[in-house]
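User: I would like to talk through the cavities and the overall build of a protein model. Could you explain the terms as we go?

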Amino acid sequence: MGHSEPILKVSNLNVSLGSQKVVEDLDLEVEEGKAVAVIGPNGAGKTTLFRALLGMIPYQGIVQWRPKVRIGYVPQRMEIETDVPLTVREFLQLRQTKNFTEEKAREALKSVLLEEKLLDSGLGEISVGQRQRILIAWALLGKPEVLLFDEPTADIDISGQESIYQLVHHLQDRFHLTIILISHDLNVVYRYAEQVLCLNHRKICFGPPQEVLSPEQMQKLYGGHHTFFHHLESHQHH
Amino acid sequence: MLSIYMQLLTAIFVSAAASLLGVFAILKRMSLVGDALSHVALPGIALALVFHANPTLGALLFLFAAVIGIWLLEFKSALSVDTIVGIFFTASLALGSLLISDLELLEALLGDINSLTEADVWLSVILSSAIIAALWIIHKKLALHMVSPEMAHSIGIQSKKIELAYLFLFALGVALGIKFVGALLMGALIIIPAAAAKNIARSLTGFMALSIVAGIFSSVLGVYFSNLYQLSPGPIFILSGTAIFVLSLFWRSLFKSY
C-alpha cells in the first residue's frame, strides 16, 4: 500500500491572509484510506489549510489531488439562525445531487444514525450535534473518496463529540474513505488518526501519533501548554 | 390616467418579483443593504431628468454601478459592507434630492403608479416575470450560497457569479418598483413581505410562497385604497405590509416554539 500514489500531494504550500503568512512551506502526502489528523493551537492555520486544499482561497505552491477525486467537506460549524425557514430535507436537496429521491434522503440520514423524521425539522432548530451529522450526510451524498472534517469545538458536549468520531470512524471503514480531520482533542488523535500533522503555520511534525507526539514536539507546537502534556503522559502510560 | 386594472397588473407582478427577491435578501441577512441600495436610484433619476432621458434607465444604470460596487467590496474590502453602503448610499439620496425639483422629487421618493404608460405596464410585467423565472432557476444554488458559502463552494458553486447574478436581479427589481412605491420605500417592498413570511414559514418553499402572497396582498390593498381615497399607493402598500408583519409576529409567538 505504501508504494501507491498518494491521494493528496502538497508541496511548498504558502497561504497568506492579507499581509499575514498563515501557512508556510508546507509539504504533505496523504495516502488513500488513511485518517490524518491536523493539530495545532488556535490560529495556527488549520482551517486555512483546509480552505486552500479545497481551492477556496488563493495560495502559492502545489496542491495536487489524485485526478477526479471526489472530496466531501464538513465545515466546523454552520452559522445559521435558529428560525431559518429551511427543512433538513430541503437542505439535502440544495446539494442538487443527481437523481435525488426521498429514498436517498432517508438513507443519508440513516448513514449518520439520525431518525428519518428529522427530515421535516428546520435546519436551525435541531441541535448542533444533529446539524453536524446532517453536514456529514450532506457530504456523503456526493459519494466522496476523501472527507475533510473540521472538528466542531466548543458547542458540542463531550459525549456528542465522541459519538461523532465513532461515526466518522465507522464511515471510514464502510466507505473506504480517506479522512483528513482537524482536531483539538489529542484523545481523538490517538484513537482515530493513523497519522498526525502538527501545524503551527509551519509543519512541526508528521507521522503516527505514538511516534511524533513527544513532549518536546508538543512544547514546540503549543508553547508549553501543560494540559496537553497531561493528555500525552496519560496516553504514554497506557 | 391608468385604469385600476392596469395598476393592479403592475402592482401584482412587481411586488411578486420584489417579495421573492426579499426572501434571499433575508437569507443573506442584507435587509439594510437592500434598503439603502434602493436610494442609489435617486441620483440616477435626477440625472436622467436633467438630460431628458428615461428616469427608469437612469435609475437602473446607477443601481447596476452600485451593485458592482457592493459585489467588489464584499470580496475585496475588510471594511463592513453595511457601513460603507449605509454612508454612501444615503449620501446619494441626499445628492439626488438636491438635483431634482420638488415635485419630481416627491414622485421619485414616493412613486406614482398613475404616471406609468401602458408600455411601462407591459415592460414591468415582462421584466418582473423574468426576475421570478431567473430566481426560480437559481434558487437552490442561491439559497445554499446564502445559508453556507462554504458548502456551496465545496460542490463547485461559483459564489461570486451567483452573488452577482442575484445583485443584478435585485437592482432590476428596485428599478421596476420605483414607479410604484418610490425610491424611499422600495427597500420595504422587497423586505417586508419576506420578513413577515419568515415568521410563519418553516420550509424554503413555504417561505417563498408566503412572501409572494404577502407581497401581492399588500400591493392589491395599496392600489385599491389609493384609488378609493386618492392617496399614493406606495405608503399604503408599506402600511398593509407592516400590518401583515405584525400579524405574523403573533403567529410566530403562538406557533413557532423557538
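Analyst: Happy to; this is a predicted model, and we can take the cavities before turning to chain A.

User: How many cavities of 30 Å³ or more does the structure hold, and what makes something a cavity?

Analyst: There are 3 of them at that volume. The word cavity is used because a 1.4 Å probe fits at the points inside but cannot get out.

User: What makes a residue part of the lining of the largest cavity, and which chains do these residues come from?

Analyst: A lining residue has an atom within 4 Å of a cavity point. For the largest cavity, with a volume of about 60 Å³, chain A supplies Glu79(A), Ile80(A), Glu81(A) and Val84(A). From chain B come Ile26(B), Leu27(B), Arg29(B), Met146(B), Val147(B) and Lys198(B). In chain B, α1 (4–27) and α7 (118–147) each give at least two residues to this lining.

User: Why are 4 residues of that lining called charged?

Analyst: Asp, Glu, Lys and Arg count as charged, so Glu79(A), Glu81(A), Arg29(B) and Lys198(B) fall in that class. The other residues are 6 nonpolar ones, with no polar residue.

User: What lines the second largest cavity?

Analyst: That cavity, of about 50 Å³, is lined by Ala35(A), Tyr165(A), Val168(A), His169(A), Gln172(A), Ile179(A), Leu181(A) and Tyr192(A). Both α5 (158–175) and β7 (178–182) of chain A supply at least two of the lining residues, and α5(A) gives the most, with 4.

User: Why does this lining have 2 polar residues?

Analyst: His169(A) and Gln172(A) are in neither the nonpolar nor the charged list, so they count as polar. Tyr counts as nonpolar, so Tyr165(A) and Tyr192(A) belong to that class. The full division is 6 nonpolar, 2 polar and no charged residues.

User: Now chain A as a whole: what share of its residues is called buried, and why?

Analyst: Of its 238 residues, 54% count as buried, because each of these has under 20% relative accessible area. The accessible surface of chain A is about 11,100 Å², with 48% belonging to carbon and sulfur atoms. Its secondary structure comprises 9 helices and 9 strands.

User: How do you know that domain 1 and domain 2 of chain A are in contact?

Analyst: Contact means heavy atoms within 4.5 Å. The assignment gives domain 1 (1–70 + 144–212) and domain 2 (80–143) in chain A. Their contact takes 17 residues from domain 1 and 12 residues from domain 2, while their C-alpha centres lie 24 Å apart.

How values were computed
Residues numbered from 1 in each chain as written. Chains lettered and ligands numbered in written order. Predicted model: local features only at pLDDT ≥ 70, side-chain atom pairs only at ≥ 80, totals over all residues. Heavy atoms only, no water. 1 Å grid on protein atoms, 1.4 Å probe; cavity = no way out; pocket = protein on both sides within 12 Å on 5 of 7 lines; lining within 4 Å. Points joined across faces, edges and corners; volume = space filled by probe spheres on them. Buried < 20%, exposed > 50% of the residue type's maximum accessible area, 1.4 Å probe, protein only. Areas by Shrake-Rupley, 256 points an atom, 1.4 Å probe, with all protein chains shown as cover. Domains from an automatic or database assignment.
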